[in-house]
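Trainee: Could we go through this structure together and check how its labels are earned?
Mentor: Happy to, let's take a look.

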Amino acid sequence: MFCFQCEQTDRTGAVPGCGGPVGNCGKDAPTSDLQDLLVHAVKGIAQYAARARALAAPDDDAAGFILFSVFNTLTNVNFSQTRFVGLLREAAAVRDRVRDAYGEAARARGLTPEEPDGPAAWQPAPDTDGLLRQAADVRVDAGLALVGPDVVGLRSLHLYTLKGICAYAHHAHVLGRHSAEVFGGVESALAYLATEPVDVEELLERALDLGRLNFAVMELLDAANTGTYGAQQPAAVRTTPVEGKAILVSGHDMRDLGDLLEQTKDAGVNVYTHGEMLPAHGYPLLRRYPHLVGNYGGAWQDQQQEFARFPGPILMTSNCIIEPHASYRRRIFTTGPVGWPGVRHVANGDFAPVVRAARALPGYRETEPEETIMVGFGRDAVLSLSDRVTDAVKRGSIRHFFLISGCDGPTPGRSYYTEFALGAPPDSVILTLGCAKYRFNRHDFGEIDGIPRLLDVGQCNDAYSAIRIAMALAEAFDCGINDLPLTLVISWTEQKAVAVLLTLLALGFRGIHLGPTLPVYLTPDLVREFVDRFGLRTINDPVADVAAALREV
Ligand code: FSO
Ligand code: SF4
């Protein structure tokens with residue numbers, strides 16, 4: 001096993017990365033190796049799928065399978081060896097189907113079908129031991145001695161950005177939104193990686209192409225969520241319990257939450273959001289369900305204590321799952337790409353087992369006094385305030401905007417984001433995205449001329465909304481995005497945040513603060529490149545960083 005895809009990675013060895021029997025997230029070596037092999041297998045599908053698409057013979061089901069398979073390999077998603085073995089067998093069958101269809105399409109045009117080598121030629125070993133032996137040759141650092149750490153680092157950057165892209169695209173796809181641009185872009189990028197590229201300059205340029213592809217994906221996801229559930233609107237969300245049976249839903253997938261709400265509308269069970277599901281309360285068509293009663297708990301790394309105390313079943317719809325304690329192992333369920341060995345999995349969208357568990361468990365015995373937090377400041381809501389916001393800036397009531405975006409996590413240094421938010425001056429507005437906000441979103445930041453100082457734009461999945469807000473502000477002030485009194489502070493944990501970072505760089509945002517540490521797969525040379533080209537910054541002291549941001553405008 002070798003894995004260095006996330007911020008929690010082991011930094012104690014001479015070569016940073018998780019090795020040994022178990023990674024820091026709890027992923028064991030066989031699961032990690034099977035994930036590497038699955039990535040190899042989908043590269044093989046993509047080699048044929050990209051060629052077939054170029055001949056106007058796309059296989060969108062295969063593209064959907066690629067998105068789903070890759071999503072399974074993100075940090076804190078799927079820890080089940082059995083499921084990966086199943087996906088590997090399916091991948092080989094999908095690859096054969098796409099290869100045959102490509103062959104037919106080529107011959108129909110009088111062409112001789114190509115037979116790409118590498119992943120396209122992979123044949124699955126008959127048993128798990130054999131698959132694990134195959135995995136040893138396709139680790140993410142394969143070829144390090146030959147090509148050097150910069151190339152391995154850039155290939156890794158590509159792969160992890162693609163993982164983020166596939167996760168976002170899958171969330172859109174389950175709501176019926178996809179496009180030839182996105183499917184084709186993912187297939188081409190995987191097929192490119194299958195060629196084992198070595199040109200550093202080309203890899204850097206194509207990494208920015210991936211950032212642009214991710215922007216298109218995030219636009220699709222925004223259209224999927226708002227097209228299905230309405231544009232986010234500001235809403236007060238209850239954070240205290242209501243008497244009655246209860247289900248907790250975590251992760252990012254709005255479709256799963258929407259389906260569960262529909263299936264439980266007459267069940268006499270209350271539904272609570274957890275973690276990155278909090279922004280669901282901003283969507284009018286989810287909010288209309290009266291049994292979506294509130295939000296429970298904070299960021300993902302606290303789930304073991306919080307889930308242990310929740311008096312009902314828990315449904316995990318995406319990252320971030322961590323090892324379920326025995327105290328709640330029999331009442332946690334996974335769905336979609338999520339998996340944990342021995343935990344019940346709902347594969348077909350029928351959440352009846354979750355409802356049965358809710359009925360059998362005690363639920364909340366009493367209603368506590370109401371406390372609330374505000375959510376729902378998506379782009380429509382914020383842009384509806386834009387005249388008031390621009391006036392406030394012109395009058396000098398608002399001096400600065402901070403976008404604090406990204407993930408929380410268990411590693412040290414995360415208190416930076418809380419101290420940064422609390423240290424932002426009273427004439428500044430803070431926009432938040434992702435799960436990093438749970439450390440400070442219960443704090444009362446007050447208002448400026450009736451505009452809340454803390455505006456939660458949503459999940460990390462809603463980065464598109466924040467980018468559109470920044471673009472609209474630049475338009476309102478008739479300046480470039482980097483001339484705005486706006487500072488971007490990004491906290492990353494896993495691969496989706498890396499995809500968002502590359503999108504921001506590709507769109508021209510400069511001077512982004514990235515922390516709490518930099519990805520270990522970026523070598524010192526690569527970091528220098530990102531600093532020189534994009535003005536990328538690490539985080540330092542929060543008070544000094546706030547002061548510097550204010551001085552720079
Ligand atoms: Fe957080 Fe986890 Fe949303 Fe991430 S719950 S850490 S980048 O998966 O996606 O913000
Ligand atoms: Fe380590 Fe992160 Fe990989 Fe888990 S996902 S094995 S913590 S680098």
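Trainee: What makes the contact between the side chains of R399 and D427 a salt bridge?
Mentor: A salt bridge is a side-chain nitrogen of Lys or Arg within 4 Å of a carboxyl oxygen of Asp or Glu. The side chains of R399 and D427 meet at 3.2 Å, N to O, so the pair fits that definition. This is a predicted model, where local features need pLDDT of at least 70, side-chain atom pairs count only at pLDDT 80 or more, and totals for chains, interfaces and linings use all residues. Residues are numbered from 1 along each chain as its sequence is written, chains are lettered from A and ligands numbered from 1 in the order in which they are written, and side-chain values use heavy atoms, leaving out hydrogens and water.

Trainee: Why is D427 called partly exposed?
Mentor: Buried means under 20% relative accessible area and exposed over 50%, with partly exposed in between (1.4 Å probe, protein chains only). D427 has 22%, so it counts as partly exposed. R399, at 42%, is partly exposed too.

Trainee: How do you know that R533 and E201 form a salt bridge?
Mentor: Their side chains meet at 2.6 Å, N to O. The pair links distant parts of the chain, 332 residues apart, with R533 in helix 19 and E201 in helix 8; helices are DSSP runs (H or I, at least four residues), numbered from the N terminus.

Trainee: Why is helix 8 called roughly perpendicular to helix 17?
Mentor: Their axes, lines fitted to C-alpha atoms over the stretch in contact, come within 8 Å and cross at roughly 105°. Angles under 35 degrees count as roughly parallel, over 145 as roughly antiparallel, 65 to 115 as roughly perpendicular and the rest as oblique, so helix 8 is roughly perpendicular to helix 17.

Terms used
Axes are lines fitted to C-alpha atoms, for helices over the stretch in contact, and angles run from 0 to 180 degrees between N-to-C directions. Helices (H or I, at least four residues) and strands (E, at least two) are DSSP runs, numbered from the N terminus.
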